[in-house]
Amino acid sequence: MSETDLVTFGETMLRLSPPDQERLEDAREFEVRAGGAESNVAIAAQRLGTPATWMSKVPETPLGRRAVGELRQHGIDTEVVWSHRGRQGTYYLERAGEPRGTNVIYDRENTAVSTAKARELDLNTIKDARVFFTTGITPALSSTLRDTTASLLKAAREGGTTTAFDFNYRRKLWSPEEAEETMTHLFPGIDVLVIAARDARTVLGFEGDPRQLAHKLGSQYEFETVVVTRGSEGAIGWHDSVVHEQPAYDTDTVSRIGTGDAFTGSFIARRLEGDDVPTALEYAAATAALKRTIPGDVARVTEEEVEAVVREGGEELSR
Ligand SMILES: O=C(O)C(=O)C[C@H](O)[C@H](O)CO
């Protein structure tokens, strides 16, 4: 009997950001938080009632323990291979309005996670879960992780675990051509694909409006479900050859980082609860809107808050 419904695998970095909109060059302080797409998704799902486990390989150092400790504080289980070699990844986030724009600088070379092999991980955790999730960031990190991603998706399939994958193209990690080649090889092992309309166009070369993108992806690759995200314009879900449109909820944005992960974690949690695709999309959009009001990578939301946004469109004043 599985104790976890959702297992995610990937890198979580320490995120260092100067206060307000200060420049990295002369900042005297950094706020430190943990952030990574796959752990962000696990936390969002857990907040919505889905027991979730994040798997990774982490250096046995104060920085590694700091990252894992923070994830545990969010209530998810962590299943970590502790390593005496390799670094803890970090990223620097310099926040700014236009025209400077927010900038992310990665420092994630030679990390412990980039050496993680499937045989080091407990594949039964994945096989016993109901959903296994990772993103396109993981295979972008090393050739070892390319193989590991494929092996974990295979193990999930063998165990009858649904596989979910966020395409999450990161141009600072690899080229569109490399990403296309790797990801399309992974596609046959994926049941539920989440992809930004922008990535479907620029990396995969698909054309058309988001409804057409969802339909083309779904039928060309035999996914069970495809969700095409469109940022502030909402999302499109494709399932059983039917397309569902979900607008975004209005939000006063404090931080966009992690919005997509909040959306995906919530979508997975609601599907596991038995919701149909249109209902799960509504909850996902509500969770994403709430995340945008919260600093940091993580959607520290409650089920009640998400319900209220779905019910009231977020207009309600709580008193
Ligand atoms: O960009 C990445 O690799 C990250 O995982 C950092 C952030 O947590 C992620 O982008 C948020 O979705």
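**Figure 1. Polar contacts of the ligand in the predicted model.** An oxygen atom of the ligand is placed 3.0 Å from a polar backbone atom of Ala37. The structure shown is a predicted model. Two arginine side chains also take part: an N or O atom in the side chain of Arg108 is 2.7 Å from an oxygen atom of the ligand, and for the side chain of Arg170 the corresponding distance is 2.8 Å. Of the 310 Å² that the ligand exposes when taken alone, the protein buries 92%.

**Figure 2. The shell of residues around the ligand.** The ligand is surrounded by 13 residues. Tyr106, Arg108, Arg170, Asp261 and Asp297 are the closest of them. Sorted by class, the shell contains five nonpolar, four polar and four charged residues.

**Figure 3. The nine-stranded sheet.** Nine strands make up an open sheet with mixed pairing, in the order S5-S4-S1-S8-S9-S10-S11-S12-S13. Its edges are formed by strand S5 (77–83) and strand S13 (242–246), each of which pairs on one side only. On average, neighbouring strands of this sheet are turned by 15 degrees against each other, direction ignored.

**Figure 4. Pairing of strands S9 and S10.** Strand S9 (residues 162–166) and strand S10 (residues 192–196) run parallel and are joined by three bridges. Within this pair, Ala164 stands opposite Val192 of S10.

**Figure 5. Helix H1 on the nine-stranded sheet.** Helix H1, comprising residues 37–47, lies across three strands: S1 (6–9), S4 (52–59) and S8 (131–135). The helix runs at about 160 degrees to S1. In the sheet order, S1 stands between S4 and S8.

**Figure 6. The four-stranded sheet and helix H2.** A further open sheet has four strands in the order S3-S2-S6-S7, and its pairing is mixed. Strand S3 (31–35) and strand S7 (103–107) are the edge strands, each pairing on one side only. From one strand to the next, the twist averages 25 degrees. Strand S2 (residues 13–17) and S3 run antiparallel, with five bridges between them. Arg15 stands opposite Arg33 of S3. Helix H2 (residues 62–73) packs on this sheet and touches S2 and S3. The direction of H2 makes about 70 degrees with that of S3.

**Figure 7. Backbone geometry in two loops flanking strand S7.** Most residues other than glycine have a negative phi, and most peptide bonds are trans. The peptide bond that joins Glu98 and Pro99 is cis, with omega at about 5 degrees. Pro99 belongs to the loop between strand S6 (90–94) and S7. Asn110, although not a glycine, has a positive phi of about 55 degrees. This asparagine, Asn110, is located in the loop between S7 and helix H3 (123–128).

Note on methods. Residues are numbered from 1 along each chain as its sequence is written. This is a predicted model: local features need pLDDT of at least 70, side-chain atom pairs count only at pLDDT 80 or more; totals for chains, interfaces and linings use all residues. Side-chain values use heavy atoms; hydrogens and water are left out. Two strands pair if DSSP finds at least two bridges between them. Axes are lines fitted to C-alpha atoms, for helices over the stretch in contact, and angles run from 0 to 180 degrees between N-to-C directions. Contact means heavy atoms within 4.5 Å. A residue is near a molecule or strand if one of its heavy atoms lies within 4 Å of it. A polar contact is a pair of N or O atoms within 3.5 Å; within protein, one must be able to donate a hydrogen and the other to accept it, and residues adjacent in sequence count only if both atoms are side-chain atoms. Accessible areas come from the Shrake-Rupley method with a 1.4 Å probe; for residues, only the protein chains shown count as cover. Ala, Val, Leu, Ile, Met, Phe, Trp, Tyr, Cys and Pro count as nonpolar, Asp, Glu, Lys and Arg as charged, and the others, Gly among them, as polar.
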